[in-house]
Amino acid sequence: MMDDLKISKKKPSYPIGSKLHNYLQEYNRNIRLPIFYEDLLRFQGSIVVYDNHGEDTLWIRVYYNEFEREEIDLSLKRVYSILISDGNESIFKYLNVDAIDYCTFGNSKPFRVKIRNVLNDNYTYFYVKKADASRVYGLEFEHMLSPYNLNFLVYKNTLIEEHIAGIPGDEFIKNMLPECSHSEKSQIAKEFIKFNERCMIRLLGDMRSYNYVIVPTHDFDHVVYRIRAIDFDQQCYEGKFNVYRPQFFKENFTMVELVREKIQKESIEQYKVEERSIVARRMISYHDRVAELLECMEEDTISIPEHVEQLRESIYKYTLDVEFRRSETMGAIMKNALDFVRRNYQGMNMKNFF
């Protein structure tokens with residue numbers, strides 16, 4: 001089953017509509033930026049970026065002519081300041097743009113910008129991408145319905161995303177998971193169950209091992225592992241329901257086997273219910289904002305009619321909730337999915353909130 005799961009080879013980029021644009025303005029996501037994605041495409045040349053083991057990372061390091069580089073560097077410092085602060089230019093003298101990398105793999109073809117503080121050599125990254133409505137919806141739902149806050153900005157056709165730190169899932173599975181202790185593997189298996197459920201609930205697709213990161217946190221005498229999505233390109237686009245369930249990708253086979261080995265069936269169901277209830281609670285916290293975003297999404301086009309029809313039928317068979325069959329858009333399917341979770345998993349002690 002894992003070997004047969006395929007997704008569309010090329011997902012189109014959907015423009016930011018007026019309603020979504022107004023939503024982004026209301027919540028301070030839409031801010032005038034000094035540089036566009038297309039500006040970074042004017043590089044003069046590039047070199048391949050290799051990892052510490054000499055493997056091709058699929059990123060290339062780009063360079064610009066001297067005149068353009070000076071202007072680009074200044075603009076990127078401004079973007080960084082707007083993203084993490086109030087846009088104050090006083091910090092510019094402490095910043096250096098160490099590298100601009102371009103990824104030729106996948107749909108989004110992002111630029112990755114490395115910014116370093118020259119006083120202490122601390123550095124961080126941010127990404128410059130084409131503004132795609134699917135990805136913006138994905139980022140907003142991640143911000144509201146996952147345990148993690150996200151910082152991003154949109155201006156016309158350009159999207160700026162903060163870097164999500166962590167160990168790439170594929171690298172962790174290959175090099176670090178075998179060295180984990182029994183208790184650590186059990187905790188990772190539990191987290192994968194919850195991550196799998198979270199992606200399914202909010203219809204975030206294509207969570208293969210290289211599209212999420214493992215985040216280890218030291219807590220007293222042990223390490224706590226969390227799983228975070230890092231690619232939001234496939235929010236509500238595909239028609240196959242299993243695309244929104246990470247367990248069905250062959251790249252995650254090791255994680256699925258870990259769950260089978262470490263977690264009993266009763267506990268799997270317990271963790272699924274826990275995650276659904278947590279998402280329902282988050283919907284309370286962002287109730288008006290979620291409703292506004294879903295209203296934008298219901299009127300938006302972020303997929304093709306065939307995918308909408310296929311997905312609504314698949315979820316109907318999974319839930320037996322007739323409301324899914326009335327969904328005309330991906331936004332309507334998403335609204336019905338979240339309503340289903342809210343009705344069924346908010347818990348008796350939460351009913352007075354609605």
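Is Arg343 buried, partly exposed or exposed? Arg343 is partly exposed, because its relative accessible area is 48%. Keep in mind that this is a predicted model. Here's a tour of its salt bridges, its cysteines, its surface patches and a couple of backbone angles.

**Salt bridges**

- How many salt bridges does the structure hold? The count is 32, and a few of them are worth a visit.
- Let's stay with Arg343 for a moment: its side chain meets that of Asp321 in a salt bridge, with N and O 2.6 Å apart. Arg343 sits in helix α11 (residues 330-345) and Asp321 in the loop between α10 and α11, so this pair ties together parts that are 22 residues apart in sequence.
- The two partners don't get the same label: Arg343 is partly exposed at 48%, whereas Asp321 is buried, with a relative accessible area of 10%.
- Next up is a network: Lys194, Arg198, Glu274, Glu275 and Arg282 are joined by salt bridges that share partners.
- One member of that network, Glu274, is part of helix α8 (residues 265-285). Glu274 counts as partly exposed because its relative accessible area is 28%.
- If you want a feel for distances, try Glu274 and Glu71: they are 203 residues apart along the chain, and 50 Å separates their C-alpha atoms.
- Glu299 pairs up with Lys19 in another salt bridge, where the closest N and O atoms are 3.0 Å apart. Why does this pair tie together parts that are 280 residues apart in sequence? It does so because Glu299 lies in the loop between α9 (287-298) and α10 (305-319), while Lys19 belongs to helix α1 (residues 18-26).
- Glu299 is exposed, with 59% relative accessibility, and Lys19 is partly exposed, with 31%.
- Asp101 and Arg112 also form a salt bridge, and here the closest N and O atoms are 2.9 Å apart. Asp101 is in strand β3 (residues 95-103) and Arg112 in strand β4, so the link is between parts 11 residues apart in sequence.
- Are Asp101 and Arg112 buried or exposed? Asp101 is buried, at just 2% relative accessible area, and Arg112 counts as buried too, at 17%.

**Cysteines**

- A disulfide is a covalent bond between the sulfur atoms of two cysteines. How many does this model have? The count comes to 0.
- Why is there no bond from Cys199 to Cys236? The closest cysteine sulfur to that of Cys199 is the one in Cys236, and at 12 Å it is too far away for a bond. To count as a disulfide, the two sulfur atoms would have to be within 2.5 Å.
- From the other side, the story matches: Cys236 is in no disulfide, and its nearest cysteine sulfur is that of Cys199, 12 Å away.
- Both cysteines are tucked away from the surface: Cys199 is buried at 3% relative accessibility, and Cys236 is buried at 0%.

**Backbone angles to look up**

- Most residues other than glycine have a negative phi. Cys236 has a positive one, near 55°. You'll find Cys236 in the loop between β10 (222-229) and α7.
- Lys156 has a positive phi as well, near 55°. Its place is in the loop between β6 (152-155) and β7 (158-162).
- Lys156 is exposed, because its relative accessibility is 57%.

**Surface patches**

- Which residues form the negative surface patch? They are Asp51, Glu55, Asp56, Asp170 and Glu171.
- From that patch, Asp56 lies in strand β2 (residues 56-63) and is partly exposed, with 44% relative accessibility.
- There's a nonpolar surface patch too, formed by Tyr94, Val118 and Leu119, and together they have about 270 Å² of accessible area.
- Val118 sits in the loop between β4 (111-117) and β5 (123-130). With a relative accessible area of 37%, Val118 counts as partly exposed.

**One more residue to find**

- Glu261 is in helix α7 (residues 253-262) and is exposed, with 59% relative accessibility.
- Glu261 and Lys185 are 76 residues apart in sequence, yet their C-alpha atoms are 9.6 Å apart in space.

Key:
Residues numbered from 1 in each chain as written. Predicted model: local features only at pLDDT ≥ 70, side-chain atom pairs only at ≥ 80, totals over all residues. Heavy atoms only, no water. Patch = residues over 30% accessible without salt bridge, like charges linked within 9 Å, V, L, I, M, F, W, Y side chains within 5 Å. Areas by Shrake-Rupley, 256 points an atom, 1.4 Å probe, with all protein chains shown as cover. Salt bridge = Lys/Arg side-chain N within 4 Å of Asp/Glu carboxyl O. Lys, Arg positive; Asp, Glu negative; His and termini not counted. Charge placed at Lys NZ, Arg CZ, Asp CG, Glu CD. Helix = DSSP H or I, 4+ residues; strand = E, 2+ residues; numbered from the N terminus. Buried < 20%, exposed > 50% of the residue type's maximum accessible area, 1.4 Å probe, protein only.
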